[in-house]
Amino acid sequence: MLKKIVIFGVGLIGGSFALALRKAGAVEQVVGLGRSTASLLRAKELGIIDVIGTSLEEALQDADLVLLAAPVAQTESILAAIKPYLQTQTVITDAGSIKVEVVAAARRALGEKIVQFVPGHPIAGLESTGPDAAIDSLYVGRKVVLTPLPENTTEQIALVARAWQQCGAVIHQLTPENHDAVFAAVSHLPHLLAFALVDDIARKPHAELLFQYAASGFRDFTRIAASSPEMWRDISLANQTAILTELDAYIAQLTRFRGQLAAGDGAAMHAMFSHAQSARQNWQRNIEAAEVQPEPENDE
Ligand SMILES: NC(=O)C1=CN([C@@H]2O[C@H](COP(=O)(O)OP(=O)(O)OC[C@H]3O[C@@H](n4cnc5c(N)ncnc54)[C@H](O)[C@@H]3O)[C@@H](O)[C@H]2O)C=CC1
Ligand SMILES: O=C(O)C(=O)Cc1ccc(O)cc1
């Protein structure tokens, strides 16, 4: 049982964490802090947080766990601000989609208190943002990747792991470097491609006509282009090197495909489509299906 958790950034991710812990009866008090008063008031109205933190000292007093769930570029300034008030029993974690730069920012901000920071990343989300998007079932059956630091104690790592497990999540561990390389390929690149495609279409002179006829393939491919621009700007800049590697590989793939199409090489195109089709089917059958959970009761 956590007596007090403090959440910086009570949006989709921070709000869902609070709701899930509440549902599990795993937390007594949730304090929320953020950039937007309107959003914090809404989080309180929705029963996500008990208290809107006004003083950092008061908010951090007797806190068991702090979750950073703001866009990743905010990490250093939030941690620098809380450092003077951080008591030794408090463990800090984060939900940022990148880890190498988050860890570097945490080291700069926290100095010797870095021992108290256990980095994490829930592999669950949506394209919608803010407290209204938060749901208590977001993490059920989903993975949370922890990238613990050599300085962390077993107890600190266990406290963070337990909190996510109480939200229904399954804990995995990676190094920050492996984490960022993996997610550049399977999360960051797809989001950036979706943004780029929708932006390209929306700038065409006949965009209105195109959108008029866009159907489910367009919807499936581009859903994530409705995600937060600030969040994705921060992720792109913070994971620049790994994303550039994946982007270059994808550009080479598109160039190869362009050559096949221009040459009318149906056999080469069919081979590539078949390879992709079976990889997608295998992923869905063997990996994704294992995570699928019953619909939450409160979903219409
Ligand atoms: N959206 C998604 O699907 C996922 C997001 N993440 C990560 O979770 C974090 C939060 O994302 P979301 O909840 O989706 O975004 P969100 O936009 O729903 O919530 C972020 C909240 O942070 C607040 N905020 C901004 N600057 C702040 C600051 N300096 N101090 C305190 N609060 C601040 C905003 O006002 C907002 O309420 C990001 O770091 C993102 O990389 C991780 C997994 C999935
Ligand atoms: O909306 C989706 O399908 C996502 O893929 C959400 C998501 C976005 C960012 C992450 O770091 C993890 C998950």
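Q: Asp62 has 11 other C-beta atoms within 10 Å: is it buried or exposed?
A: This is a predicted model, and the count is computed from its atoms. A residue is buried at 20 or more such neighbours and exposed at 12 or fewer. Asp62 has 11, so Asp62 is exposed.

Q: In which loop does Asp62 lie?
A: Two elements flank Asp62. One is a helix, H3 (56–60), and the other is a strand, E4 (65–68). Asp62 sits in the loop between H3 and E4.

Q: What is the phi of Asp62 near?
A: Most residues other than glycine have a negative phi. Asp62 is a residue other than glycine, yet its value is positive. The phi of Asp62 is near 60°.

Q: Ala185 has 16 other C-beta atoms within 10 Å: which exposure class does it fall into?
A: Ala185 is found in helix H7, residues 176–202. Buried takes 20 or more neighbours, exposed takes 12 or fewer, and partly exposed lies in between. With 16, Ala185 is therefore partly exposed.

Q: How many Å apart in space are Ala185 and Leu237?
A: Along the sequence, 52 residues separate Ala185 and Leu237. In space the distance runs from C-alpha to C-alpha. For Ala185 and Leu237 it is 15 Å.

Q: What radius of gyration does the chain have, and why does it agree with a compact globule?
A: The chain has 300 residues. A compact globule with 300 residues would have a radius of gyration near 19 Å. The chain's value agrees with that, because it is 21 Å.

Q: Into which domains is the chain divided?
A: The chain has 12 helices and 9 strands. It is split into two stretches, 2–174 and 178–291. These are domain 1 and domain 2.

Q: How many residues does the contact take from domain 2?
A: The centres of domain 1 and domain 2 are 30 Å apart, taken over C-alpha atoms. The contact takes 16 residues from domain 1. From domain 2 the number is 18.

Q: Which residues come nearest to ligand 1?
A: There are 30 residues around ligand 1. Domain 1 and domain 2 each give at least three of them. The nearest are Gly9, Gly11, Ile13, Gly125 and Thr129.

Q: Which element gives the largest share of the shell around ligand 1?
A: By class, that shell has 15 nonpolar, 14 polar and 1 charged residues. The largest share from one element is 3 residues. That element is H1.

Q: How many charged residues are in the shell around ligand 2?
A: Ligand 2 is surrounded by Ser97, Ile123, Gly125, Leu126, Glu127, Ser187 and Ile224. Of these, 3 are nonpolar and 3 are polar. The charged count is 1.

Q: Over which residues is the pLDDT below 50?
A: The mean pLDDT of the chain is 96, and 97% of its residues reach 70 or more. One stretch falls below 50, and it has 2 contacts beyond near neighbours in sequence. Where pLDDT is low, the coordinates should not be read in detail. The stretch below 50 is residues 296–300.

Q: What ipTM does the predictor give the complex?
A: The predictor gives the complex two scores. The pTM is 0.96. The ipTM is 0.99.

Conventions. Residues numbered from 1 in each chain as written. Chains lettered and ligands numbered in written order. Predicted model: local features only at pLDDT ≥ 70, side-chain atom pairs only at ≥ 80, totals over all residues. Near = placed C-beta within 6 Å. Helix = DSSP H or I, 4+ residues; strand = E, 2+ residues; numbered from the N terminus. Nonpolar A, V, L, I, M, F, W, Y, C, P; charged D, E, K, R; others polar. Domains from an automatic or database assignment. Rg over C-alpha atoms; globule rule 2.2 N^0.38 Å. pLDDT = per-residue confidence, 0-100. Contact = placed C-beta atoms within 7 Å.
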